[in-house]
Amino acid sequence: MKDQTKTKKDLITENEKLRKQIDKRKKIKKNIMHIRQEGENIFQAINHPTIILDVQYNIISVNRATVKAVGAISAKELIYRKCYEIFHNSTKPPENCPLIKMLASTKPEANEMEVEALDGVFLVSCTPVFDEKGNIQKIIHIAIDITEQKRTEALMHLRLELMQYASTHSLEELLQRTLDEVGALIDSPIGFYHFVEPDQKTLSLQAWSTRTMKEFCMVKGKGMHYGIDQAGVWVDCIHQRRPVIHNDYHSLPHRKGLPEGHAAVIRELVVPIMRADRIVAVLGIGNKPKNYTKKDVEIVSFMADVVWEIIEHKRSEEAKREREEKLQSIFRVAPTGIGLVRDRILLDVNLRICEMTGYGKEELLGKSARIFYPTQKDFEYVGTEKYRQIAERGTGVVETRWMKKDGTIIDVILASTPLDLNDLSKGVTFTALDITKRKRAEQAQRLNESRISALLELSRMTNQPDQMLTDFALEKAIELTHSTIGYLAFMNEDETVLTMYSWSRQAMQECMIEKKPIVYPVETTGLWGEPVRQRKPLITNDYQAPNPFKKGYPKGHVHVKRHMNIPLFDGASIVLVAGVGNKEYPYEESDIRQLTLLMDGMWKIIKQKRVGEALRYSEEKYHSAIDNAGDMILLADLDGNLQEVNKKAQELLGYTKEELTAMHYSMIHPMEELERISDAFAEIILKGRIYFKDSIILRKDGTTIPVDITGSLIAYAGKLLVQGIFSDRTEQKRKEDDIKYALSLQKSTIESTADGILVVDRRGKIVSFNQKFLEMWHIPRNVIDSRDDAQSLSFVLEQLKNPESFLSKVEELYAHPNETSYDVIEFKDGRYFERYSQPQEIEGNILGRVWSFRDITERKKAEDELKKNEKELQKRVEELEEFYNMAVGRELRMVELKNEIERLKKDLEKKKNQ
């Protein structure tokens, strides 16, 4: 057996190995401790609030930055508390918490958040730490303060916004917007921005924030100037040449007080804006809920400087724009175009030439000046005359016409002079002055005078036929528009047919069409009917050019080179179409104006002539109508003097027409009616119309006639008159009296009858009743006067033995309004009524129902007694017959007994028939 005892050497060797292992472990442990300490040092050295959480939002560890940020005494105050309780003063995580998202994604997440406890905006990140099984063990939560970064970004964004805002808004609007934005940033409800004048002694009040103006300050000061030495403590920033904070405004000993209506100041921050060692403006804000800080000073100073930068830029741009506008304005209003030609080839032109002609500069250079002239004749004349004058006196001035690119003709004065009098080949400069407006004004003046003269002559022709007026106007239209042909057609009311009324003399001479149509449906017309379809004037300066509206004209029609026609409106309706043609030069808007004005004047004269004729006809017709009217008609002036009367008035009143037209309206009314009639007359003048009932007129013989009067204000014979139509009510009044008598008689009859009468309408509502009805039914007056059908019916039903049957019959009859009914109703108190009902009709129309009730109680009792007697008599007869049959054989009947029986039978029959 081998010896298991270790040698001393073996023990020493093992011991050495064990010692080395222990030393190694100690070193590892020391390294771990060092790493942990180093990690803790790094964790504590992180300059941003950093915490370690478990998955339930519990704080496991915090660094010093966190303790300091939340104002805690030590980390122990924060351990094992919920992070959202400390940092967000909340009972649950905020919705944008990145930890919520990280727990769902198991990946690092980050988000920008406002952290209430840290009073700022932070970039908050959450990074998961996993255990060996891959489960989230803890979360590293870091909050990086980006408040300054966000504030800087906001300020830069605001700067850009204000620059853009300034481009489309006034200086005052810019300043107010700036103050509103600064007030929002610093939580200050009041603010102002004022300029300091170059003398450094005067302030110019410029703008206040919106809230200052709306909510706080009522003082008006925009544009005011006053000395800095007169201002209060808010100009301390000017005296000290630096921003100034007054966090306790009321304690300032040198404040000068505030004017009435000024915003109350609690605290303020005022910043001077400096440029080249000079103060140019002051921006102030006030009444922040908390004290102003250096950070506020930085923001306000930055914004004050930014806005002044924008102001300077805006002023510079406005000054530049103003200079450019002045130059452009001067350039635009320069009356003269300038150019250079050689051998009448355009070498150079200024912008005015382009504006005058409508050509671009590149379209003109290198081209012959012929491009400007409407005809070769014009071009040659100007060349000959201009160079003749240059040869004689060194310059040439010619009045001529140019044709613009669009074909419009303009009048110009050309002044030319050579660059070298001895060598025309070097070129000739020219100026072109557009005198079109002047020439057109002169021409328009002449045309206006001609048109007015034509209209004056037309106005003297009102007694002439319409044809003569239209022919004359058409020839004048041709003269005014420098045309050679023309036509005029009238339009029917629905604007579907044109009727040719006038052709110009030359058109008639040149036209070879044998049978000229007179009536033209608009839908068949070509170009000359377009003004109706388009409802506007049309100019066709090249009639031969293709045109979709043309339909051609028949063989022998006058040849048309140019054409212009207009629709003439009366209100919204076209009343005529006038056209002219073959002007030597293109038609223009001025031609449309002259033709329209002339035709409008002609139409008004024709219309007035027609109106006069219609008025005369209308008055004649009216006079005939009132003279044959069945009612009496009087016309009086506004003073009440009678002007016209009809035959019926003479007949009723008994006066002659001459007598009546010399009277005042009050003379045909009795004294007791004058006040009412006078008021009615005044009301007619005021309101235009009244209806006056139950009046009285006084005849010449002193008798009176009842009348109804319809009064109205009318125009007659060119004057405003009061028309009175008097309807004789004598017969009507007689009929009304008859009706009243009949109604009175009917009422008396109903009241005198022994029956109770009730009248209801189709709906069963009580219309009428007599006193007997109330007495029979014992209905109190107050119940029946209420006209409450339900209350009355309830009162009735309570008295009846069988109310259901009663009500059923009523409902049946109301459902069948044509039916009649008769029945007997029994009362609880022993009374009996006959009830009879039939529909109430007038001319076949059922208006309601009439109920009549007759008390038959006594009769019913008599009938019942009779029935009782009949029974007793019948019994006696039966007893006698029985006795007779029993006592005596049929063959031995006694005659007397038989006679007695017969007599009794007769008595019985009489009783039955009573």
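Contact here means heavy atoms within 4.5 Å. The model discussed is predicted.

**Overall make-up**

The protein has 914 residues, and 39% of them count as buried. Its secondary structure comes to 27 helices and 32 strands. Take the contacts with a separation of 6 or more: residues 24 or more positions apart account for 49% of these.

**Arg 854 and its surroundings**

Start with strand β32, which covers residues 845-855 and includes Arg 854. Which residues does Arg 854 touch, once its neighbours within four places in sequence are left aside? They are Asp 755, Met 776, Tyr 832, Phe 833 and Glu 834. With Asp 755 the link is a polar contact, side chain to side chain, at 2.8 Å. Ile 757 is 97 residues away from Arg 854 in sequence, yet the two C-alpha atoms are 9.2 Å apart in space. Arg 854 has 44% relative accessibility, so it counts as partly exposed. The cut-offs behind that call are under 20% for buried and over 50% for exposed.

**Ser 837 in strand β31**

Strand β31 spans residues 832-842 and holds Ser 837. Ser 837 is buried because its relative accessible area is 0%. What does its side chain pair with through a polar contact? The partner is the side chain of Arg 849, at 2.9 Å. Arg 849 also appears among the contacts of Ser 837 beyond four places in sequence. The others are Leu 813, Glu 819, Thr 820, Ser 821, Val 850 and Trp 851.

**Thr 540 in strand β20**

Thr 540 belongs to strand β20, residues 538-540. Is Thr 540 buried or exposed? At 10% relative accessibility, Thr 540 counts as buried. Leaving aside neighbours within four places in sequence, Thr 540 contacts Leu 527, Asn 547, Lys 561, Arg 562 and His 563.

**Two loop residues with positive phi**

Asn 89 and Glu 495 come next. Asn 89 is not a glycine, but its phi is positive. Glu 495, also not a glycine, has a positive phi as well. The table sets out their values.

| Residue | Phi | Loop between | Relative accessibility |
|---|---|---|---|
| Asn 89 | near 50° | α3 (83-88) and α4 (98-105) | 62%, exposed |
| Glu 495 | about 60° | β17 (485-491) and β18 (497-503) | 18%, buried |

Asn 89 is exposed, since its relative accessible area is 62%. Glu 495 has 18% relative accessibility and therefore counts as buried.

**Helices α5 and α6**

Two packed helices are described by the angle between their axes and the distance between the axes. Helix α5 covers residues 147-168 and helix α6 covers residues 171-186. Their axes come within 10 Å and cross at roughly 160°. That angle makes α5 roughly antiparallel to α6, because angles over 145 degrees count as roughly antiparallel. The crossing of α5 past α6 is right-handed.

Which residues make the contact? From α5 come Leu 155, Leu 158, Glu 161, Leu 162, Tyr 165 and Ala 166. From α6 come Glu 173, Leu 174, Arg 177, Thr 178, Glu 181 and Leu 185. Sorted by class, this contact of α5 with α6 has 7 nonpolar, 1 polar and 4 charged residues.

Definitions and conventions: Residues are numbered from 1 along each chain as its sequence is written. This is a predicted model: local features need pLDDT of at least 70, side-chain atom pairs count only at pLDDT 80 or more; totals for chains, interfaces and linings use all residues. Side-chain values use heavy atoms; hydrogens and water are left out. Axes are lines fitted to C-alpha atoms, for helices over the stretch in contact, and angles run from 0 to 180 degrees between N-to-C directions. Helices (H or I, at least four residues) and strands (E, at least two) are DSSP runs, numbered from the N terminus. Angles under 35 degrees count as roughly parallel, over 145 as roughly antiparallel, 65 to 115 as roughly perpendicular and the rest as oblique. A crossing is left-handed if the near helix is turned anticlockwise from the far one by less than a right angle, and right-handed if clockwise. Ala, Val, Leu, Ile, Met, Phe, Trp, Tyr, Cys and Pro count as nonpolar, Asp, Glu, Lys and Arg as charged, and the others, Gly among them, as polar. Buried means under 20% relative accessible area, exposed over 50%, partly exposed in between (1.4 Å probe, protein chains only). A polar contact is a pair of N or O atoms within 3.5 Å; within protein, one must be able to donate a hydrogen and the other to accept it, and residues adjacent in sequence count only if both atoms are side-chain atoms.
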